[in-house]
Amino acid sequence: MESVEETDYSNVLTEDELFHREPDRAAQTAAILDEWEPTSATAVDEETSKEDGVKRAEKMQQEMTEEPKVLTAKQKEKLRKKEKYRNMPKSKSHGQPKPTGFEESFTEAPVTPEEHLHERSIYHSDRPAIFRIQEALNRYQQKRRLLEERMQVFAQYLRYGGVEVGARMFGGVSEMELKAMEKEEVVVARSQTDIGIEKMKLDIDFEHVAKSFLSFYLPDYCRPEGIHAIRLATDTIRNWLNYLLYHDVVPEYTDNIKGARGYCNFAEKQLWDNQRLLVNGPGDFNKANSFLFGGYYYDKGTQSEQSRAWTDENLSRNRAPMTPSVAQKVVMFALAASGTDEQSAAFSDLAMRGELSAHAIQDIDGFEIVDILMPHDGIRGFYETYAPDLNVVGKVRVKAWRNPNVSQIDLAPGETLPNIHGLEFEFFIEETLLQYCYLGMKVVTTVWELNCEVFFFDEILNAYCSFYTQSLNDLMIGWKAPRDLTKKANQEGESSPENETTEDLLDDYD
């Protein structure tokens, strides 16, 4: 048997050491203080230091065991509120942008009796209409958050209507000055709009301005891209018109304002259809004719290969590229399916003899749609049976149109433009494009005529709404009355319109 070695228990933890026990803070503090004392100190100093260390440790222990101070009622209420807010759930709008006043669910707040009386005084019918509109503009800017994009569109609309718009129209004002102002003075100081007194002699027509701005100025100068930008413009103008109606600013123009608001609804859909027609037009049939007869899509160096102009189009994978043979197929199937017997026979006869030709119709800017003929089931069945790779073709009937907002044609003395009244055409357009067409749409393009009484149009340059309205307001943006610079400075200062009083100007307009 092997002898059992004696076990040394000197390094084994005892039961007391296995469990954590709260140390004596006084003893620990005294031990730390002992270590801090220099070794060269005398015995008396060591005893004194030990006593001081014990006293300090006892004092610290006493402070820790003392009960906390009693809080006052005010302090308790403050703590209670903090705890209440800390436990409350965060709001659903936490971290979201503030309301702008242009949300779909936004409604005007009810007017208090005091506000009603004040509005009846500033919007009284005895005051000139432009003064009331200016008051409404000042308050409208205070009630709405006009962010950058929206403010740009709104400023363009106001300038087009004769309102001067600029940052701080009435000068910069400091915060201290704002605090010292009355409420009405603050509204005026923060306004970015001003209607000059000289505008009193002009007619006020909300409907005409809205029609001209939405149908002409907005697409040509502001150029909104996409449905979001279009809705931004129409919603902003509609919101402003609703504000005028709700606060009864100019009750004598109520019907006029409602008419302008209706055109905002029309413009939203029509402007979006115009953009989609511009992107997807003019359609396979018109491109094929342009490719064959020297139009925009014609490529002189192309005989059997794809045209460079057609290469840029986004064709689906099951579609053949545009070549002369494909172009001829597109045209012939459209005539066979939707054309008359006379057109089909004349086209085939002239093509066999090589006598097909086309010429552009002069002295017109485009056409206006007067009728839309969707393809019926027989045409769709014909394409499904004999040409499933081609788009089904329908028709539109149009009349010649001249753009009244473009420069007039330079004519020789005694020369006049031909009368286009009664000049009508019929175009073949794919069904996929007919969904973007509507009655009254104006299309700026070149119209061509084949010698078999078939018409087609070339590249679409622009498209306008059915309520396209001519106006010269854009020519007056930023216009100022001319001054005679040959007079002396003092005479110029005396006769300058800026130095005339409001009473003098009102007397001139009476």
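Me: Two strands are said to pair if DSSP finds at least two bridges between them, and a strand itself is a DSSP run of E with at least two residues, as a helix is a run of H or I with at least four, both numbered from the N terminus. With that in hand, which residue of β6 stands opposite G394?

Reply: Strands of a sheet pair through backbone hydrogen bonds, in either a parallel or an antiparallel sense. Here G394 stands opposite I429 in β6, and β5 and strand β6 (residues 424-430) pair in the antiparallel sense over seven bridges. Before going on, keep in mind that this is a predicted model, in which local features need pLDDT of at least 70 and side-chain atom pairs count only at pLDDT 80 or more, while totals for chains, interfaces and linings use all residues. Residues are numbered from 1 along each chain as its sequence is written, and side-chain values use heavy atoms, with hydrogens and water left out.

Me: How many bridges join β4 and β5, and how enclosed is β5?

Reply: β4 and β5 also pair in the antiparallel sense, over seven bridges, and one residue pair to locate in the viewer is I369 with its bridge partner V398 in β5. For enclosure, the term to fix is buried, meaning under 20% relative accessible area, with exposed meaning over 50% and partly exposed lying in between, for a 1.4 Å probe and protein chains only. Seven of the nine residues of β5 are buried, so this strand is largely enclosed by the rest of the structure.

Me: How should I read a sheet order, and which strands are at the edge in the sheet that contains β3 and β9?

Reply: The order lists the strands as neighbours, and in this case an open sheet of three strands has the order β3-β8-β9, with antiparallel pairing. Its edge strands are β3 (358-360) and β9 (455-457), each of which pairs on one side only. Neighbouring strands of this sheet are turned by 30° against each other on average, direction ignored, where axes are lines fitted to C-alpha atoms (for helices over the stretch in contact) and angles run from 0 to 180 degrees between N-to-C directions. Within the sheet, β3 and strand β8 (residues 447-450) pair in the antiparallel sense over three bridges, and A360 has W448 as its bridge partner in β8. Helix α13 (residues 284-292) packs on this sheet, touching β8 and β9, and its direction makes about 95° with that of β9; contact here means heavy atoms within 4.5 Å.

Me: How many salt bridges does a search of the whole structure find?

Reply: A salt bridge is a side-chain nitrogen of Lys or Arg within 4 Å of a carboxyl oxygen of Asp or Glu, and the search of the whole structure finds 20 of them. One of these joins R397 to D371, with the closest N and O atoms 3.5 Å apart. This pair links distant parts of the chain, R397 being in strand β5 (residues 393-401) and D371 in strand β4 (residues 366-373), 26 residues apart. R397 is partly exposed at 37% relative accessible area, and D371 is likewise partly exposed, at 27%. E198 and K199 form another salt bridge, with a closest N to O distance of 3.4 Å; E198 counts as partly exposed at 33%, whereas K199 is buried at 19%. Salt bridges can also form a network, as they do for R231, D235, R238 and E268.

Me: Is E135 buried or partly exposed, and how is α6 placed around it?

Reply: E135 counts as buried, at 17% relative accessibility, and forms a salt bridge with R127, the closest N and O atoms being 3.7 Å apart; R127 is partly exposed at 26%. E135 is one of the buried residues of α6, among them also I133, L137 and Y140, and the helix is mostly covered, with twelve of its 15 residues buried. Helix α6 (residues 129-143) reaches 21 Å from its first C-alpha to its last, close to the 21 Å expected at 1.5 Å a residue, the expected span being 1.5 Å times one less than the number of residues.

Me: How many disulfides are there?

Reply: A disulfide is counted when a pair of cysteine sulfur atoms lies within 2.5 Å, and by this rule the count comes to zero. Two cysteines to inspect are C437, buried at 11%, and C465, buried at 1%.

Me: What does the protein contain as a whole, in helices and strands?

Reply: There are 20 helices and ten strands, and buried residues make up 35% of the 510 residues. Among contacts between residues at least 6 apart in sequence, 76% join residues at least 24 apart.
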